[in-house]
Amino acid sequence: MTLVIDGHSLAYEMENLCRLFYPREKIKTVTEIQEGDPFVYTGVKRLPEGIRLDVRLKAGKTERNHSELLAADTDDMELGRRMAVVLWNMLSEVCGIRPAWGILTGVRPIKLYGRLASQMGDEAVPAYFQEKLLVSPEKTRLARLTWDNQKTLLSLSKPESYSLYVAIPFCPTRCAYCSFVSTSVEKAAHLIPKYVELLCGELRRTAEIAQSLKLCLQSVYIGGGTPTVLSADQLAEVIAAIRGNFDLSDCREFTVEAGRPDTVTIEKLAAMRVGGVTRISINPQTLNDEVLREIGRKHTAAQTLSAFELARCHGFNNINMDLIAGLPKDTPESFHQTLKKVISLSPESITVHTLALKRAARLNQEGAEGLRADAAGRMVSLADGMLPQSGYRPYYLYRQSRMVGNLENTGWAKPGFESLYNVFIMEECQSILACGAGAVTKLRDPYSNRIERIFNFKYPYEYIGRHEEMMNRKDRVKEFYESIGRHR
Ligand code: SF4
């Protein structure tokens, strides 16, 4: 596809919009008219009488043209919205599909919903979502429910609040759809002892900085990878480094991702209980063994059920379970069975992801035959219908690029079991101090929208080999908060 950008700076937004309709097409963005099929032209001319907007689409023998004059004082946001609406309508007509999130291509539709609510009042947003942003009635309703549940959680975050993220970037094997930085233990087991030792050092340094700035820790999340790939002793060591160095007196939640059921043991559950972990996540993704094999997870549905049972027996009363809609070989019927079984276990929260085919994922490289957007859409609709009937409410939602069917990931929880960390990170309402390989510290100025990121080295061997260099970057946390003090 050729996309012409003439006289405006909305290339990124228009490219993402075209990708909704042509997910597999390579998009060539140019500034001068060139031939191509499909071909999209988007042009803006500022004239004395107003702003002229031109959009043209040519796909095979079909052609569409649109031209209009906008008021001269139209701001860039409205100009972008208008251009997107015109192009979306053309593409929708020509391709015969209506992406459910309308012209929204960003990852945080609820953040936008909240911003609009503060500008125009809660009541006016659903109509704006549907009429001005072309979001479907179903997704508008989902966004409204999510926002309603999220508002009170966001209000718990104070200017001095922050959360801590700890990365354990190792997994038993690599899932076919994985695009995270995660190394299979088969290849990297020898790195783990040194990694844990250095990670504990980074945690100590981070705690010192947080305390010197009088920041207040609200939630802890040990994620990955699969943190429970560590031995019980290593897990206990990491948790002890957190407990021993951070002030946890205001911490409301301590999560460990026990993602792969085949890594959950009595000893590890005991280490987490003793260490004060309040929430764990055991992720079946699917309870269909054939699908599990297809995606490269070397465990069975039965192992998920036993891991869940074991965690319950060890006193875990806040368990999340992740599912993925759109997996290869999965069908709406089999997804329905998975969902029914998971609901019958009554975990406190269920997160329904849609498969995202990122560039790094093996599935994508293999062509991902058999993936169908309509099947994923039906699976997500099943979840949206069944979960509220079973007492779950949506409380956080985000989207990723290249999601099958351009759908979304939604966190559902029973009232009182919503994960604060998930809301805080997704809505970017507080700083996240992050430790470990691939971790990204996100500093947020509570008095403005300014966000600054500090990147740790991505891979465990770099994390180990260049540790000092990376630790020095931590000083930027101090500089950031000191600069807030100066500018207030
Ligand atoms: S468990 Fe998660 S991080 Fe690990 S390989 Fe699978 S998708 Fe990637």
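**Figure 1. Best-connected members of the largest nonpolar core in the predicted model.** The largest nonpolar core comprises 129 residues, and those that touch the most other members are Leu87, Val238, Ile280, Ile282, Ala311, Ala325 and Leu355. Across the protein chain as a whole, 43% of the 488 residues count as buried.

**Figure 2. Surroundings of Leu87.** When its neighbours within four places in sequence are left aside, Leu87 is in contact with Met14, Leu17, Val40, Thr42 and Val55. Leu87 is also one of the residues that touch the most other members of the largest nonpolar core.

**Figure 3. Packing of helix H7 against helix H8.** Helix H7, which spans residues 192-212, and helix H8, which spans residues 232-245, pack with their axes 9 Å apart and at an angle of about 10°; the two helices H7 and H8 are therefore roughly parallel to each other. On the H7 side the contact is made by Ile192, Val196, Leu199, Cys200, Leu203, Arg204 and Ala207, and on the H8 side by Gln234, Glu237, Val238, Ala241, Ile242 and Asn245. Sorted by class, this contact of H7 with H8 has 9 nonpolar, 2 polar and 2 charged residues. Val238 of H8 is also among the residues that touch the most other members of the largest nonpolar core.

**Figure 4. The protein chain as the setting for these views.** The protein chain has 18 helices and 18 strands. Its radius of gyration is 24 Å, close to the 23 Å that the globule rule gives for 488 residues, so the protein chain is as compact as a globular protein of that length. Taken along the principal axes, the C-alpha atoms of the protein chain fill a box of roughly 70 × 60 × 45 Å. Of the contacts in the protein chain with a separation of 6 or more, 73% are accounted for by residues 24 or more positions apart.

Technical notes. Residues are numbered from 1 along each chain as its sequence is written. This is a predicted model: local features need pLDDT of at least 70, side-chain atom pairs count only at pLDDT 80 or more; totals for chains, interfaces and linings use all residues. A nonpolar core is a set of buried Ala, Val, Leu, Ile, Met, Phe, Trp, Tyr and Cys residues joined through C-beta atoms within 7 Å. A residue is buried if 20 or more other C-beta atoms lie within 10 Å of its own, exposed if 12 or fewer, and partly exposed in between; C-beta atoms are placed from the backbone. Two residues are in contact if their C-beta atoms, placed from the backbone, lie within 7 Å. Helices (H or I, at least four residues) and strands (E, at least two) are DSSP runs, numbered from the N terminus. The radius of gyration is taken over C-alpha atoms; the globule rule is 2.2 Å times the number of residues to the power 0.38. Axes are lines fitted to C-alpha atoms, for helices over the stretch in contact, and angles run from 0 to 180 degrees between N-to-C directions. Angles under 35 degrees count as roughly parallel, over 145 as roughly antiparallel, 65 to 115 as roughly perpendicular and the rest as oblique. Ala, Val, Leu, Ile, Met, Phe, Trp, Tyr, Cys and Pro count as nonpolar, Asp, Glu, Lys and Arg as charged, and the others, Gly among them, as polar.
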